[in-house]
Amino acid sequence: MLAVIPARGGSRGIPDKALQLVGGKPLILRTVETVEAAAFAERIVVTTDCPQIAGFCKLRGIEVLDRPSELAADDVPLAPVIDHAVQALGWAGSVAVFQPTCPLLR
């Protein structure tokens, strides 16, 4: 199973939302740790257009896929973003998507 975590840098309401703290921990890290703890994903990748989010993840050993700017606009649906990740990684198996804006994910 490939776990894809989409973390766009631009947000209408909260810039770099995935790096915002909830309970003292950035949302993106909460999501990665939750997926890791579930122990079902063979691979976890964060897809982002944001250098700050990418840097944060890379410093912690989290795989990052650079998202093209045309897939980072407010009006881009999630499906093309996930398709880009699957194609770029050459993934042929199952895929799950985990939004970092869901801090209560278990």
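Q: Two strands pair if DSSP finds at least two bridges between them; what makes E4 and strand E5 a pair?
A: In this predicted model, local features need pLDDT of at least 70 and side-chain atom pairs count only at pLDDT 80 or more, while totals for chains, interfaces and linings use all residues. Residues are numbered from 1 along each chain as its sequence is written, and side-chain values use heavy atoms, with hydrogens and water left out. Strands E4 (residues 43-48) and E5 (residues 63-66) share four bridges in the parallel sense, so they meet the requirement of at least two. One of the contacts joins Val45 to its bridge partner Glu63 in E5. Strands (E, at least two residues) and helices (H or I, at least four) are DSSP runs, numbered from the N terminus.

Q: How do you know that strand E1 is joined to E4?
A: Five bridges link E1 (residues 2-6) to E4, and the two run parallel. Val4 has Val45 as its bridge partner in E4; Val45 also has a bridge partner in E5, namely Glu63.

Q: Why is strand E4 called mostly covered?
A: Five of the six residues of E4 are buried, where buried means under 20% relative accessible area, exposed over 50% and partly exposed in between (1.4 Å probe, protein chains only).

Q: What makes E4, helix H2 and E5 a unit, and of which hand?
A: Together with H2 (residues 51-59), the two strands form a right-handed β-α-β unit. The term applies because, with the strands pointing away from the viewer, the path from the first strand over the helix to the second runs clockwise.

Q: Why is the contact of Glu63 and Arg43 called a salt bridge?
A: A salt bridge needs a side-chain nitrogen of Lys or Arg within 4 Å of a carboxyl oxygen of Asp or Glu. The side chains of Glu63 and Arg43 meet at 2.6 Å, N to O, and therefore satisfy this rule. Glu63 belongs to E5 and Arg43 to E4, so the pair ties together parts that are 20 residues apart in sequence.

Q: How do you know that Glu63 is partly exposed?
A: The relative accessible area of Glu63 is 28%, which lies between the two limits for buried and exposed. Arg43 is also partly exposed, at 28%.

Q: How many salt bridges does the rule give?
A: The count comes to three. One of them joins Arg8 to Asp74 (2.7 Å, N to O). Arg8 lies in the loop between E1 and strand E2 (21-22) and Asp74 in the loop between E5 and helix H3 (78-89), so this pair ties together parts that are 66 residues apart in sequence. Glu33 forms another with Lys25, their closest N and O atoms being 2.6 Å apart. Glu33, at 34%, is partly exposed, and Lys25, at 29%, counts as partly exposed too.
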